[in-house]
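Work through the exercises below with the sequence and the model at hand. Each task is followed by a solution in steps.

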Amino acid sequence: MVRRPVAWIVAVVLFVEAFGVAALNWFLGTVVDNQQMSLAGLDPDMMSVSSKIGGLVFGAYFALCGVVALLVALRDRSPAGLGRILLISAAVVHALLGAFAWGLVGWTAFLTMVVVMTLVVLLLMTYDQRDTPVSEGPEDSAGGGSPLTPPPTPSTP
């Protein structure tokens, strides 16, 4: 079974990434604040605070996705509802970050984002498979048919 180890790996990767994103944005905000940089006349203090808040929000988002992956690993059940939506959005975010990273940073950052995206998609796909086969329909000894078949069409005179 690959499901639980993948869920554990995804949880650890997302927690590390949450810390890394928050720390990087905090550092960049501090650099902007110390050097009083300005971009097109924007207030340097506002840029610094925005960077720090954005890093904390984005870090919290990845940490929440990590919590969902951790719960999947502990329960050994598929994520449902909001957890599933969070993991799907994390895969989409990593795909977009990978696309931007290719042009801005290089192929190693792209490869890192693609690996994380692949792990999240693998987590979602391995828990989608059913362990027991689904029955074809209700077994009725009277031969009444499936309740999903439409009724016969009425004949017109």
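**Exercise 1.** In which helix is Ser-51 found? Decide whether Ser-51 is buried or exposed, and list its contacts.

Solution. The model is a predicted one. Step one: Ser-51 lies in helix α2. Step two: its relative accessible area is 18%; the cut-off for buried is under 20%, so Ser-51 is buried. Step three: leaving out residues up to four places away in sequence, Ser-51 touches Asn-25, Leu-28 and Gly-29.

**Exercise 2.** Check the length of α2 against its expected span, then describe the residue just after α2.

Solution. Step one: with 32 residues at 1.5 Å a residue, α2 should span 46 Å. Step two: the end C-alpha atoms of α2 are 46 Å apart, which agrees. Step three: just after α2, Asp-76 has a positive phi of about 55 degrees, and Asp-76 is a residue other than glycine. Step four: Asp-76 sits in the loop between α2 (44-75) and α3 (82-104) and, at 28% relative accessibility, counts as partly exposed.

**Exercise 3.** Repeat the span check for α3 and find what its buried residues pack against.

Solution. Step one: the 23 residues of α3 should span 33 Å, and its end C-alpha atoms are 32 Å apart, which agrees. Step two: the buried residues of α3 include Leu-86, Leu-87, Ala-90, Ala-91 and His-94. Step three: the buried residues of α3 pack against α1 (3-35), α2 and α4 (107-126). Step four: α3 is followed by Gly-106, with a positive phi near 140 degrees.

Note on methods: Residues numbered from 1 in each chain as written. Predicted model: local features only at pLDDT ≥ 70, side-chain atom pairs only at ≥ 80, totals over all residues. Heavy atoms only, no water. Helix = DSSP H or I, 4+ residues; strand = E, 2+ residues; numbered from the N terminus. Buried < 20%, exposed > 50% of the residue type's maximum accessible area, 1.4 Å probe, protein only. Expected span 1.5 Å × (residues − 1). Contact = heavy atoms within 4.5 Å.
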